[in-house]
Amino acid sequence: MKVTPPPPGRIGARVDGFDPKTCTREQATELRQLVYRHKLLIFGNIELDDLAYLAMAKNFGKPQIYHQAHYHHPRHPEIFVSSNVPMDGKKVGVASTGRFWHSDYQFFDEPLSTTFVFPKIIPEGRRVTRYVDMVQALRTLPAHLRDALTNATCFHEAVMYYKVQPWDIDRAIAELMAEFRKHSPGAHHPAIITHPVTGEQALYISEGFTMSVDGMPHEQSQTVLREVFLHLNRSDLVQEHEWGKGDLMFWDNRQLNHMAGGGAPGQPSRSYRIGVYDGLPFYVGCKLEDTRL
Ligand SMILES: [Fe+2]
């Protein structure tokens with residue numbers, strides 16, 4: 001394997017020569033250390049069928065089964081399908097997922113440690129995933145925001161991004177929201193988290209899922225969050241990776257916010273995500289549920 005680290009101060013190492021079909025647990029452990037260091041890995045020239053993809057991911061940890069079944073691959077529920085292309089004449093997965101800033105599963109008590117995304121059909125035009133380095137975002141956060149968020153916790157939920165499905169027709173939005181909140185009631189996490197491996201601190205707030213700062217008056221909480229979101233959109237903090245054929249992306253959700261971007265609307269697109277719990281607390285002090293290896 002050849003690892004090309006990012007330039008200083010940037011995220012994302014490129015890994016060439018990785019053969020996912022012969023990946024072992026030991027190799028996955030090494031690669032996990034690499035993703036903690038560089039936050040994002042891009043494996044090049046990857047060819048994988050669905051079963052081999054899943055087998056490879058299992059070396060890295062415990063694959064997650066997404067809480068909404070209509071995102072699942074028809075044969076492998078661990079594969080989360082983002083697609084607007086039917087499979088065997090049937091709608092599979094959900095189109096245009098994650099086109100907002102977020103960290104995967106931030107709205108659950110045990111967020112998703114790491115994420116693989118493997119593009120299967122790359123749309124015409126420039127299709128990218130954008131990232132914000134949340135360690136760097138914290139280092140450069142204005143002092144008054146850092147003061148406001150030190151020792152604070154935030155509330156996160158995903159209800160605003162529920163994607164209305166064919167079976168929801170004739171139902172009130174309020175009813176859909178109440179039903180969504182029954183199985184996904186949101187979660188509270190520290191605004192600043194400490195990584196369980198690197199010991200680095202990162203800001204853990206996203207425009208998509210973070211709703212409020214706990215215990216703060218509403219107006220103040222909204223003002224602080226708006227300022228944080230503006231900070232996170234600073235061009236020097238945002239990086240993007242353009243999807244290339246055979247690229248497999250792998251990133252650390254503790255240290256990055258990400259969003260899907262680019263791609264002309266309506267162009268055929270399909271990607272397969274596998275979220276993997278690495279068996280460590282998401283942050284120092286975070287409880288572990290059923291995500292141990
Ligand atoms: Fe995501």
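# A tour from strand 6 to the iron site and beyond

Start by selecting Val117 and Met249: Met249, in strand 14, is the bridge partner of Val117. Keep in mind as you go that this is a predicted model.

**Stop 1: strand 6 and its two partners**

Now widen the selection to strand 6, residues 114-121, and to strand 14, residues 248-252. The two strands pair in the antiparallel sense, with four bridges between them. Next, add strand 16, which covers residues 270-277. Strand 6 runs antiparallel to strand 16 as well, and seven bridges join the pair. To find one of these pairings by eye, pick Pro119 and look across to Ser271 in strand 16, its bridge partner.

How many of the eight residues of strand 6 are buried? Colour the strand by accessibility and you should find six, so strand 6 is largely enclosed by the rest of the structure.

**Stop 2: Arg273**

Stay on strand 16 and select Arg273. Is this arginine, Arg273, buried or exposed? Its relative accessibility is 10%, so Arg273 counts as buried. Show everything around the side chain and you will meet a long list of contacts, including Tyr53, Gln64, Tyr66, Glu78 and Phe80. Strand 6 is represented too, since Thr115, Phe116 and Val117 are among the residues that Arg273 touches. The one to follow next is Asp104: its side chain and that of Arg273 are joined by a polar contact of 3.4 Å.

**Stop 3: the iron ion**

From Asp104, move on to the metal. Which residues coordinate the iron ion? Select His102, Asp104 and His258: the donors are NE2 of His102, OD of Asp104 and NE2 of His258, at 2.1 to 2.2 Å. Along the chain these donors are spaced as H-x1-D-x153-H. His102 sits in the loop between strand 5 and strand 6, whereas His258 belongs to strand 15 (residues 256-262), so the two histidines tie together parts that are 156 residues apart in sequence.

Take a closer look at His102. With 6% relative accessibility, His102 counts as buried, and His258 is buried too, at 5%. The side chain of His102 comes to 2.8 Å from the backbone oxygen of Phe100. A second polar contact to display links the side chains of His102 and Asp104 at 3.1 Å. Beyond its close neighbours in sequence, His102 touches Ser206, Phe209, Leu256, Asn257 and His258.

**Stop 4: helix 1 and strand 3**

Next, select residues 25-38, which make up helix 1. Its 14 residues reach 20 Å from the first C-alpha to the last, close to the 20 Å expected at 1.5 Å a residue. Show the side chains of Gln27, Ala28, Leu31, Arg32, Leu34, Val35, Tyr36 and His38, which are buried. What covers them? Strand 1 (2-4), strand 2 (13-16), strand 3 (40-43) and strand 14 are among the elements that do so. Just after the helix comes Lys39, which has a positive phi, near 75 degrees.

Continue into strand 3. Leu40 and Ile42 lie on one side, Leu41 and Phe43 on the other, and all are buried, so that both faces of the strand are covered. In a regular strand the side chains alternate between the two faces of the sheet. Add strand 2 to the view: strand 2 and strand 3 pair in the parallel sense over three bridges. Phe43 in strand 3 is the bridge partner of Val15.

**Stop 5: a three-stranded sheet**

For the last stop, display strands 9, 8 and 12, which form an open antiparallel sheet in that order. Strand 9 (187-190) and strand 12 (210-213) are the edge strands, and each has a single partner, so one side of each is left without a neighbour in the sheet. On average, neighbouring strands here are turned by 35 degrees against each other, direction ignored.

Strand 8, residues 153-156, is joined to strand 9 by four bridges. Select Thr153 and you will find Pro190 of strand 9 standing opposite.

Finish with Asn151, in the loop between helix 4 (143-149) and strand 8. Asn151 counts as exposed, with 79% relative accessibility. A distance line drawn from C-alpha to C-alpha between Asn151 and Ile192 should read 7.5 Å, although the two residues are 41 apart in sequence.

Methods
Residues numbered from 1 in each chain as written. Predicted model: local features only at pLDDT ≥ 70, side-chain atom pairs only at ≥ 80, totals over all residues. Heavy atoms only, no water. Pairing = 2+ DSSP bridges. Axes fitted to C-alpha atoms, helices over the stretch in contact; angles between N-to-C directions. Buried < 20%, exposed > 50% of the residue type's maximum accessible area, 1.4 Å probe, protein only. Polar contact = N/O pair within 3.5 Å; in protein donor to acceptor, adjacent residues only side chain to side chain. Contact = heavy atoms within 4.5 Å. Expected span 1.5 Å × (residues − 1). Donors = N, O, S within 2.8 Å, 3.2 Å for Na, K, Ca; no water. Lists of a residue's contacts leave out its neighbours within four places in sequence.
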